[in-house]
Amino acid sequence: MTATAADLFSSLAAADAPFALIARDDAWVEVLTGDVVDVELLADIPLLDADGTAREVLALVPYRQVRERGFVCHDDGAPLRCLVITGHERVSRADALEALPTAPLPLGDPGFDISDDEYADIVRTVIADEIGRGEGANFVIRRDFTASVSADERVAALTWFRALLAQERGAYWTFAVVTEGHVAVGASPEAHVSAQSGVVTMNPISGTFRHPAGGATVDTLRTFLESTKETEELFMVVDEELKMMSAVCSDGGRITGPHLKEMSRLTHTEYMLRGRSQLDPRDILRETMFAPTVTGSPMQNACTVIARHETSPRGYYSGVAALFTPNGATEGVTHDLDAPILIRTAYLQDGRLRVPVGATLVRHSDPAGEVGETHGKAAGVLGAIGAVPRDTVPAADPDAPVIERAPLADDPEIAALLQSRNSRLAAFWLNPQGGDSDGPFAGRTAVVVDAEDRFTTMLAHQLRHLGLDVAIVPWADADAAVLDAADLVISGPGPGDPRDDASTRIRHMRGVVAQRLTAGRPLLAVCLSHQILADRLGIDLVPLDRPHQGLQFEVDVFGEPASIGFYNTFTARTTPGTTRVGVAEVAASPVSGDVYALRGPGFASVQGHLESILSRDGMRTLERLVAQALEPVTV
C-alpha cells in the first residue's frame, strides 16, 4: 500500500467535504472530490462553467425526476444532487483494499418495512387489479430493509465500499457517494444508459437467480434459464428499453446477446442495445427515465401503479448515478455519459440504513417467489457489506489442485440455451439498421397517435423504414387539424380498458378512430385502438381469462401465417368461424373467435404489437396492413 492511498482515505474519513469513490474496472478506484450543487431539472446539471469550459459532473438523479416527463410519483423532495468535480485521482484497487477500513459495523433493529405477508398481498393485488385490468405488462414494487447504524457515516461509507470491492464481482459500478447528510454505497449490476462518441448503449437485465450454497452450477442454472417467467420477463424489458432507444437514436437500436451477468451471489440474464445519437446527454437521460427493470411497462402507467401500491417515496432507488465527462469537443455534444441504475445500494441518512429492493411482477408471478426474490436481493447487498452473514462455500481440500472455474456462460449447454432465445425474436432488431429508407411508401406522411405507450417510438421507427415521413403526437394533441394533415393515421396502443367510458384518454382515442372512418381517410389501429375500432364496428369486447402480456403467438393474418407478440388484457371476440362483420374482413382464432386483425375500405388494424421484438413477422405484416389502409377507397 502506498502512503498516498492511506493518507487519501484517512483525509476523506476526517474531512467534511463531499466525495465519491467509483470502481469501474478491476484495476482502479477513482476518487472524485468537488463542490455540491443541487438543481431542479436535468437541463440544469452544470456541465459548463461561466466561461464555457466543460466540467466533469457526477449527478445523483432521484426517482422523483420522472415528473419531468409528466409522470406521477410520491414526491419526497430528494434533490438532483451534482458533485461538480474539481479533483479526480486514481488509486489501485489493491492499495484501496489495503487502506480502507475493515472493522464490522453492527446493525440495530434490522428488518423489512412491510411484512412478507403484506408484500405477498400486494403482489396478488397488482396481478389481479393492474395487470388483470390491462394497466400494463409488468410492474416493479419495492420494499425497504431498514436498520439503525451507530457508526460515523463517512467511516461507514468507506467500510462498506471496501466490503463491496472485496466481496462483489461482476458489478458495473461499485461506488460510494458521500455528501452532507446523505450516503449512498452500492454495487450496481446494470448500466442504464451510456453515450460515448455518439454511441448510446442500454443494458436491460432481468431474471434473478440466487446462487445456492457452494455457488451456481450448470444444472442449477439450466433450470433458471428454462423458466418461462424469467425468459418472458427479459423480453418485456428489452421491448421497453427499445422504446427508449427508438426515441433517442436515429437508427432505433440493435440488440445483441443474451448474455449471463454472473455476480458473487446472483446471476442475471441481459441484452445490450446500441444505437447512434447526437442528443445532449442530459436529453438522453431524460428520455430514458427510468429503467423498466425497476419500474415496469408501459413506463408512464408503471409510475402510476407504483404510486398506488408503494406507500412511501423511493428516494434515489431506481434512479441513476450519472457521470458526465468532457470528451474534448468544443461544440455540439461536449460530454460523454455513464449512468448505472441505483439498485443494490445501501443508503444511510440520520443514522438509519435503508436498502430498497423490488421484484418484477408479471401475469404468472408467484407471491411467495417474489417475496423470496426481495429477500435474496437484500441479502446480496447486506451480505456483501458484512451486515449479515455472507454465503460460505465448503472448505477446499488443501492437497487438491486449484482449478479456476470457467464462466458458466462458456459452457456449451448454457451458451446454447441462451442463444436459442433469439430464434423467437424479430430479425429487424437483431440486424444492423440504417436511417430512414426509400421504402414502398416513400413520399407519404403519417401521424402516430400515442395513447401513453411508447411502443409508438418503435412503430414509428419501423414505419420510417417503410418510407413514411412520421410524426408522433400525444393523444391529447391529436386534434382534427393534426389528423387531417396526415396521409395515414396510426391510432396507437395504450393501457387500460377500452370499454372505460370515464377515461378521457379512451374517449379521445375513440374520436380519433371515428374521425378517420367517417372521413374515409387511411387508418391503421393498433392494440387498444384495434379494440376501439372493433367496438365501433359492432364486435364485442371482453377481458381475456388470462392476460396476454409479453406472449408470442402464431396467427393467421388474412391467409398468411405470422409470428406476433401480444400485450393485451382485453380482446375483440366474434363467433368462431366469422370472417366478415359489415364492411370489415376479420382475421380471428377459429377456436376462441378472438380477433387478431381487421381490414376494410381505407382501414386496417392489428391486436398484436408488430414492432415488438417478439414479432418475427412484424415488418412483413406491418407493410401489408399499411398497404391495405392506404389503398384508395372506391365508391
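**Reading strands, a helix and cysteines**

Trainee: In which sense do strands β19 and β20 (residues 469-474) pair, and over how many bridges?

Mentor: In this predicted model, β19 and β20 run parallel to each other, joined over six bridges. Val 449, for example, has Val 473 in β20 as its bridge partner.

Trainee: Which helix belongs with β19 and β20 in a β-α-β unit, and what is its handedness?

Mentor: Helix α12 (residues 455-465) completes the unit with these two strands, and the unit is right-handed. Strand β19 also pairs in the parallel sense with β21 (residues 488-491), over four bridges; there Ala 446 has Leu 488 as its partner.

Trainee: Why is β19 described as largely enclosed by the rest of the structure?

Mentor: Strand β19 spans residues 445-450, and five of its six residues are buried, so the rest of the structure largely encloses it.

Trainee: How should one read burial along helix α8?

Mentor: In an α-helix, residues three or four places apart point the same way, because each turn takes 3.6 residues. In α8 (residues 299-309), the buried residues are Met 299, Asn 301, Ala 302, Cys 303, Val 305, Ile 306 and His 309. Among the elements covering them are α3 (116-130), β6 (138-149), α6 (228-248) and β14 (296-297).

Trainee: How many disulfides does the structure hold?

Mentor: A disulfide covalently bonds the sulfur atoms of two cysteines. This structure holds zero. Cys 303 is in no disulfide, the nearest cysteine sulfur being that of Cys 73, 7.6 Å away. Cys 303 is buried, at 1% relative accessible area.

Trainee: Why does Cys 82 form no bond with the closest cysteine sulfur?

Mentor: That sulfur, in Cys 73, lies 18 Å from the sulfur of Cys 82, which is too far for a bond. Cys 82 is buried, with 0% relative accessibility.

How values were computed
Residues numbered from 1 in each chain as written. Predicted model: local features only at pLDDT ≥ 70, side-chain atom pairs only at ≥ 80, totals over all residues. Heavy atoms only, no water. Buried < 20%, exposed > 50% of the residue type's maximum accessible area, 1.4 Å probe, protein only. Contact = heavy atoms within 4.5 Å. Pairing = 2+ DSSP bridges. Right-handed = clockwise from strand over helix to strand, strands pointing away. Disulfide = S-S within 2.5 Å.
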